[in-house]
Amino acid sequence: MIYTVTFNPSLDYIVRLDSFTAGEINRVNYEQVLGGGKGINVSIVLGNLGHESTALGFTAGFTGEEIKRQLDGFGVKHDFVQLPEGFTRINVKVKAEKETEINGQGPDISEAKREELFAKLDKLTEGDTLVLAGSIPKTLPDDIYEKIMARLEGRGIRIIVDAEKKLLLNVLKYHPFLIKPNNHELGDMFGVKLTTDEEIITYAKKLQEKGAQNVLISMAGDGAILLTADGQHYKSPAPKGKLINSVGAGDSMVAGFITGYTESQGDFETAFHMGVVTGSASAFSENLATRPEVEALLKTII
């Protein structure tokens, strides 16, 4: 079974405008409301690709109910911890000459509710896959990723982590199955600017030395690089296409990788290529990637 955890989900209000002027009334020409958060995006794309998962995390209020309603519409299972007060945050994404985001705070999460999530995670068994993705709300401890991985250590669960610098570096000692920094995040971790594939591979190996098993580095329009635990590395250019919406592209890459790995019974090259094209398929669409879109792109890179 595949599980995803989104600690700070959101209801994203996405608007497009011909132009945006601060301090004035601005009229939108396109709007959409989508349940979001990195783990939730992974679950939606997995479902689009034909694989069942269960979305875990915390929801609250009317916005939390809307996220669950949308997941039901996608056919995605969910087992969120329901918070008694507040509401799941609303993120506003303004797309005009430039992209501007205004992200909400999210509700308070008590220690008792945190323990409810841990109880759900305790049910995972050997061979399960767990995706930990995204930011940590201010009412959770900074080491929540570490606490979960320590709790599940030694149980044969494949854990994939897609998180920001400090969160990612701190979990490497628990040997995550896969981590997915982008090339800029990788450079930031070591205080360097990476400009060549060789430099990216060198510093990705340093993450393996710190404990990561497999390292997938996304490079936006330049494609991606994968370093595997057995010393192999793969590189692929990004498929050709028009960038429409970058939101969820990285999450889609993770979902594609899991799909390829599962369907090929553990072939990393297949998983890698499936990840690359799934991320691109989402970037080239208003919505998250679908199976036909992914398969069409896959033919262009292999």
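Two strands count as paired here if DSSP finds at least two bridges between them. Keep that in mind as you click around, and remember that this is a predicted model.

**Stop one: the sheet.** Start with the open sheet of 4 strands, whose order is 3-2-7-8 and whose pairing is mixed. Select residues 30-36 for strand 3 and 99-103 for strand 8: these stand at the edges with a single partner strand each, so one side of each has no neighbour in the sheet. Going from one strand to the next, the twist averages 15°.

**Stop two: strands 2 and 7.** Now pick residues 10-16 (strand 2) and 89-95 (strand 7). The two run parallel, and 7 bridges join them. For a spot to zoom in on, show Leu11, which stands opposite Ile90 in strand 7.

**Stop three: the helix across the sheet.** Add residues 61-74, which make up helix 2. Helix 2 lies across strand 2, strand 3 and strand 7, and runs at about 80° to strand 2.

**Last stop: Ser218.** Leave the sheet and jump to residues 214-218, strand 12, where you'll find Ser218. Is Ser218 buried or exposed? Its relative accessible area is 11%, and the cut-off for buried is under 20%, so Ser218 is buried. Turn on side chains and look towards Lys180: the side chains of Ser218 and Lys180 make a polar contact at 3.3 Å. To see what else is around, select the residues that Ser218 touches, leaving aside those up to four places away in sequence: Lys180, Pro181, Asn182, Asn183, Gly223, Ala224 and Met253.

Notes:
Residues numbered from 1 in each chain as written. Predicted model: local features only at pLDDT ≥ 70, side-chain atom pairs only at ≥ 80, totals over all residues. Heavy atoms only, no water. Axes fitted to C-alpha atoms, helices over the stretch in contact; angles between N-to-C directions. Contact = heavy atoms within 4.5 Å. Buried < 20%, exposed > 50% of the residue type's maximum accessible area, 1.4 Å probe, protein only. Polar contact = N/O pair within 3.5 Å; in protein donor to acceptor, adjacent residues only side chain to side chain.
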